Amino acid sequence: LSEEEKSEAVAFLRSPDLIRRILRDCEALGFVGEEKAKLLAYLIGLSRKLPKPLSGIVISQSGAGKSALTELVEQLSPPEDVMLYSRLTPQALYYMSHDLKGLLLILEERAGGEAADYSIRTLQSRQKLRLAAPIKDPLTGKMTTQCYEVEGPVAYLETTTNPYLNPENASRCYELYMDESEEQTRRIQQQQRQQRLFCEEDLDNLAEEIRRRHHNAQRLLKAQKVFIPYADKIEFPSQWLRTRRDNERFLCL
């Protein structure tokens, strides 16, 4: 980054109202309402820089905006840090030509990644993938075992229309339910109409400026050791086994 870009990014990161600025930028890119979902999805994407990244499943009926939410996170994340797929085959992640550590993996629709569920869950829990596969030596014809290893962990986002989640997946992810109210529908329709009105400001240039600012700000961030001074004051549900994971995920957030 140039010195000017660094200065602009640092000023943005040091804003006392940083959260509000992030949400305003999301709205300027056309995503209205859904403040909690937008912020949580943004932080999940940003968590790729942490030793224990977060994961999320965006849940809604068709047309409610779940794909728009993951697209928003993709737009605001540096392109070199994002892997977006429509479908993953069972072995796809094992044969990656590069490590996945520090990346955000987005799956456009749950149905396109069900076959890769096991490898995704392993990346979330073990933070690396190891595969032993038999291959035939082209010269001797003998079978040998080839080992493949891919380093994680990754931050992860996916979308689904199915409200009934696999417990193995749900216990590793935040569940982001979209606002399906009539009020939110009116907000979206108003935003759609607003975009068709004349505006002296070039909205395409504004959107590009917002994306560039977030990309550069995120590129500057480094992982730091963080202490939560009130951690021992937090009370968390304990009657379900899955809360052993949920509590850790909550503290990471």
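Reader: Let's start with D25: is D25 buried or exposed?
Author: Happy to begin there, and please keep in mind that this is a predicted model. D25 has a relative accessible area of 8%. Buried means under 20%, so D25 counts as buried.

Reader: Which side chain meets D25 in a salt bridge?
Author: The contact runs from N to O over 3.1 Å. D25 lies in helix α2 and its partner in helix α8, so the pair ties together parts that are 188 residues apart in sequence. That partner is buried as well, with a relative accessible area of 10%. The side chain that meets D25 is R213.

Reader: Which residues of helix α2 are buried, and where do they sit around the axis?
Author: Helix α2 spans residues 18-28, and its buried residues are I22, L23, D25 and C26. They cover an arc of only 155° around the axis. That arc puts them on the same side of α2.

Reader: Which helices do the buried residues of α2 pack against?
Author: One of them is α8 (203-220), the helix in which R213 lies. The full list of packing partners is α1 (3-13), α3 (35-46), α4 (66-76) and α8.

Reader: Which residue with a positive phi follows α2?
Author: Here we step past the end of the helix. The phi of this residue is near 105°. The residue is G30.

Reader: Back to R213: which other side chain meets R213 in a salt bridge, at 3.8 Å?
Author: This partner lies with R213 in helix α8, 4 residues apart, about one turn of the helix. An α-helix has 3.6 residues a turn, so residues three or four places apart point the same way. With a relative accessible area of 37%, the partner is partly exposed. It is E209.

Reader: Which residues do salt bridges with shared partners join into one network?
Author: This is a separate group to look for in the structure. The salt bridges share partners and so link up into one network. Its members are K128, R130, E149 and E151.

Reader: How far apart are the closest N and O atoms of E3 and K6?
Author: E3 and K6 are 3 residues apart in helix α1, which separates them by about one helical turn. E3 counts as exposed at 59% relative accessibility, while K6 is partly exposed at 32%. They form a salt bridge, and the closest N and O atoms are 3.9 Å apart.

Reader: How many salt bridges does a search of the whole structure find?
Author: The pairs we discussed include D25 with R213 and E3 with K6. For the whole structure, the search finds 22.

Methods. Residues are numbered from 1 along each chain as its sequence is written. This is a predicted model: local features need pLDDT of at least 70, side-chain atom pairs count only at pLDDT 80 or more; totals for chains, interfaces and linings use all residues. Side-chain values use heavy atoms; hydrogens and water are left out. Buried means under 20% relative accessible area, exposed over 50%, partly exposed in between (1.4 Å probe, protein chains only). Helices (H or I, at least four residues) and strands (E, at least two) are DSSP runs, numbered from the N terminus. The arc is that of the directions from the helix axis to the C-beta atoms. Contact means heavy atoms within 4.5 Å. A salt bridge is a side-chain nitrogen of Lys or Arg within 4 Å of a carboxyl oxygen of Asp or Glu.
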